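Keep the structure open beside the text and follow along. The tour goes element by element, then steps back to the whole chain.

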Amino acid sequence: MSDLLTSVACMSADRSILSAIRSPECSLAVWQRTPLAKARELPLEALENIRFNAPLFDYRRYLSRAVGDSEWPAGTDWLVDDVADLAATFAEIMQVDALETRLEIVVTNACRRFHADYVSARLITTYAGQGTQWLERDEAARVAGGLEPARVDQLSAGDVGVFKGKLGDGAPAIHRSPPIAGTGERRLLLVINPVDIDV
């Protein structure tokens with residue numbers, strides 16, 4: 001299934017690689033896809049952050065309402081389609097029926113320290129700007145020992161990563177947001193988590 005298997009990551013240009021996250025040996029499953037050209041046209045400086053929880057059966061309606069309430073510009077149907085598609089894929093892989101979604105503009109270092117998330121797994125993709133940074137096992141061990149990593153790997157814009165968290169089966173993926181504070185760069189970031197809600 002994977003074109004590339006490292007000490008942490010399973011990567012492929014085939015989206016089916018994302019299901020590899022269910023394996024205890026895979027801490028990070030990456031679908032290496034081409035960046036969406038329309039993402040470069042979005043006025044990132046004018047967009048509001050979006051955050052909501054939704055049952056999967058009604059996910060698209062929640063998403064469309066959140067985009068509308070946040071007054072995103074016309075012509076973002078492609079983004080709604082992509083987010084809804086990724087949400088459905090992630091929910092199927094994780095076998096959950098509700099999701100927490102964050103679609104946000106990041107201009108700071110955000111999660112600047114290398115860390116693991118307190119979730120079973122998390123889907124992350126960067127539509128515009130630098131992608132999430134992550135560490136191989138030996139580099140994560142260096143950081144855990146108080147040293148700086150000698151090498152930092154990074155997703156590309158457009159890549160879809162499913163990062164195993166502390167509650168997952170196997171070692172979690174150690175990662176962070178790229179340090180962009182003070183550079184003027186803006187990132188459009190999508191984060192999807194499993195969530196328990198009353199439906």
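W31 has V160 as its bridge partner in β9. That pair belongs to the contact between strand β3, residues 28-31, and β9, which pair in the antiparallel sense over four bridges. This is a predicted model, so read every value here as computed from predicted coordinates.

Strand β9 also has a neighbour in strand β6, residues 121-128. Five bridges join β6 and β9, again antiparallel. Within that pairing, L123 of β6 is matched with V162 of β9.

How many residues of β9 are buried? Five of the five, across residues 160-164, so the strand is largely enclosed by the rest of the structure. Buried here means under 20% relative accessible area. In a regular strand, side chains alternate between the two faces of the sheet. In β9, V160, V162 and K164 point one way, while G161 and F163 point the other. Both groups are buried. Note that the list includes a lysine, K164.

Turn next to strand β5, residues 98-106. β5 is mostly covered, with nine of its nine residues buried. One side carries A98, E100, R102, E104 and V106. The other carries L99, T101, L103 and I105. Both faces are covered. The buried residues include E100, R102 and E104.

Which strands pair with β5? One is β4, residues 50-55, joined to β5 by six bridges in an antiparallel run. There, R51 has R102 of β5 as its bridge partner. The other is β11, residues 187-194, joined to β5 by eight bridges, also antiparallel. Here E104 stands opposite L189 of β11.

A further sheet is built from three strands. It is open, its order is β8-β7-β10, and the pairing is antiparallel. β8 (153-154) and β10 (175-176) stand at the edges. Each has a single partner strand, so one side of each is left without a neighbour in the sheet. Strand β7, residues 133-134, is joined to β10 by two bridges. Find Q133 and you will see R176 of β10 opposite.

Now the helices. Y62 sits in helix α1, residues 59-69. Y62 counts as partly exposed, because its relative accessibility is 23% and the buried class ends at 20%. Leaving out residues up to four places away in sequence, Y62 touches F52, N53, A54 and P55. Y62 and F52 are 10 residues apart along the chain, and their C-alpha atoms are separated by 7.6 Å. F52 to P55 fall within the residue range of β4, 50-55.

Helix α2, residues 77-94, holds D82. Is D82 buried or exposed? D82 is buried, with a relative accessible area of 10%. Again setting aside residues up to four places away in sequence, D82 touches R33, L36 and Y127.

Two loop residues flank this part of the chain. E71 lies in the loop between α1 and α2. Q95 lies in the loop between α2 and β5. What is phi at E71? Near 55°, a positive value in a residue other than glycine. Q95 also has a positive phi, about 55°, and is not a glycine either. E71 is exposed, with a relative accessible area of 64%. Q95 is exposed too, at 69%.

Step back to the whole chain. The secondary structure comes to three helices and 11 strands. From the N terminus on, the elements run β-β-β-β-α-α-β-β-β-α-β-β-β-β. The radius of gyration is 16 Å, close to the 16 Å that the globule rule gives for 199 residues, so the chain is as compact as a globular protein of that length. The C-alpha trace spans about 45 × 40 × 30 Å along its principal axes.

Buried residues make up 49% of the 199. Take the contacts between residues at least 6 apart in sequence: 73% of them join residues at least 24 apart.

Finally, the surface and the charges. The accessible surface comes to about 9,700 Å², and 48% of it belongs to carbon and sulfur atoms. The chain has 21 positive and 28 negative side chains. The centres of these two sets lie 4 Å apart.

Notes
Residues numbered from 1 in each chain as written. Predicted model: local features only at pLDDT ≥ 70, side-chain atom pairs only at ≥ 80, totals over all residues. Heavy atoms only, no water. Buried < 20%, exposed > 50% of the residue type's maximum accessible area, 1.4 Å probe, protein only. Pairing = 2+ DSSP bridges. Contact = heavy atoms within 4.5 Å. Rg over C-alpha atoms; globule rule 2.2 N^0.38 Å. Areas by Shrake-Rupley, 256 points an atom, 1.4 Å probe, with all protein chains shown as cover. Lys, Arg positive; Asp, Glu negative; His and termini not counted. Charge placed at Lys NZ, Arg CZ, Asp CG, Glu CD.
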